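Please open the model in your viewer and keep a selection panel at hand. The tour moves from the whole chain to single elements, with a selection suggested at each stop.

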Amino acid sequence: MTDKRVKVGNSDLEVFPLVLGGNTFGWTSDEATSRRVLDEYVEVGGNFIDTADVYSAWAPGNAGGESEIILGRWLAVRGNRSKVIVATKVSEHPQYKGLSHDNVIAAADESLLRLGVDEIDLYYAHFDDKATPLEETAAAFDELVKAGKIRAIGLSNYTADRIEEWFRIAREHGYALPVALEPHYNLVTRGGYERTLAPLAARESLAVFPYFSLAAGFLTGKYRSAADAEGKARQGMVADYLTADGFALVDALDEVAKAHGVAIATVALAWLRHRPQVAGPIASARTPEQLPALLASVDLDLTADEIAALDKASEPFTK
């Protein structure tokens, strides 16, 4: 496995080019399984974990923060905090909704406690809060940087216009500038990101970490017909991809995968890694057995012809 690292925008953070998603911790992965996944990820050189304060409030019996707690306990037991980059997010926790100044500060303090760390490496505004002036939110994030509670700022699920406004405000007031962008982006969700966010990311030197990199499992090749999704938990999430265009794309991925002797998911992640500004896709593993296919993407270099073929096959999804 490669030991290469990529720089996160203009920050001093250097991360592994495959980000381990922490959304499964405490949800579909119990604590013991989550630790095994984390152990195996770092064993091959992985160093970047992406979580959020809301993970996984949606699960029965959970209140939010379960993922951070499991990650924090693992960091404490392994004693490897200095070797791991931690990203978490604010705005969606049931007790800390929105991005008002006081809420951002209080939520950050709670995340620090759950993670058991003194500083969050990358802190994202998870979803835009139109009810709070951007000036107030940007000021709160800058305050956290100056207080040493966070090292860098990231934005997730923001429109290009709102990101540009954040940068304008930050420059006007001398605030710390965002260094990372976490958008919904993959081979079957291309249009929105590529039209407006990609040019902005390039202009502002933002490191891009796409989420839903495997489109809720569709880009693993597990669905080869609409019938394959019948009755499955993620049927609703993949419904829009269960089309002739979607299956043709999976066939194209399969062809490239066979040429390299790798899994379809490996190729889908490698395609993302080859995109401009993408520092590393985010992918989650419910079990350690799912990790190898994800990790293999880091060392898979696609040819220009293979990238062109995947670009063409996914063209219907650029609308």
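What follows is a walk through the chain as a whole, then a group of strands, then one helix.

This is a predicted model, in which local features need pLDDT of at least 70 and side-chain atom pairs count only at pLDDT 80 or more, while totals for chains, interfaces and linings use all residues. Residues are numbered from 1 along each chain as its sequence is written, and side-chain values use heavy atoms, with hydrogens and water left out.

**The whole chain**

Select the chain and colour it by secondary structure: there are twelve helices and twelve strands, where helices (H or I, at least four residues) and strands (E, at least two) are DSSP runs numbered from the N terminus. The radius of gyration is 19 Å, close to the 20 Å that the globule rule gives for 319 residues, so the chain is as compact as a globular protein of that length; the radius is taken over C-alpha atoms, and the rule is 2.2 Å times the number of residues to the power 0.38. Along the principal axes, the C-alpha atoms fill a box of roughly 50 × 40 × 40 Å. Of the 319 residues, 55% are buried, that is, under 20% relative accessible area, whereas exposed means over 50% and partly exposed lies in between (1.4 Å probe, protein chains only).

**Strand β9 and its partners**

Now select residues 150-156, which form strand β9, and find six of its seven residues buried. Add residues 120-125, strand β8, which pairs with β9 in the parallel sense over five bridges; two strands pair if DSSP finds at least two bridges between them. Within this pair, Y124 has G154 of β9 as its bridge partner.

Next show residues 180-182, strand β10, which is joined to β9 in the parallel sense over three bridges, with S156 standing opposite E182.

To see the connections, add helix α4 (residues 134-146), which with β8 and β9 makes a right-handed β-α-β unit, and then helix α5 (residues 160-173), which makes another such right-handed unit with β9 and β10. Right-handed means that, with the strands pointing away from the viewer, the path from the first strand over the helix to the second runs clockwise.

**Helix α12**

Finally, select residues 304-313, helix α12, and pick out E306, I307 and L310, which are its buried residues. They cover an arc of only 100 degrees around the axis, which puts them on the same side of α12; the arc is that of the directions from the helix axis to the C-beta atoms. Those buried residues pack against α9 (244-260) and α10 (264-273), with contact meaning heavy atoms within 4.5 Å. Turn to the other side of α12, where A304, D305 and K312 are exposed.
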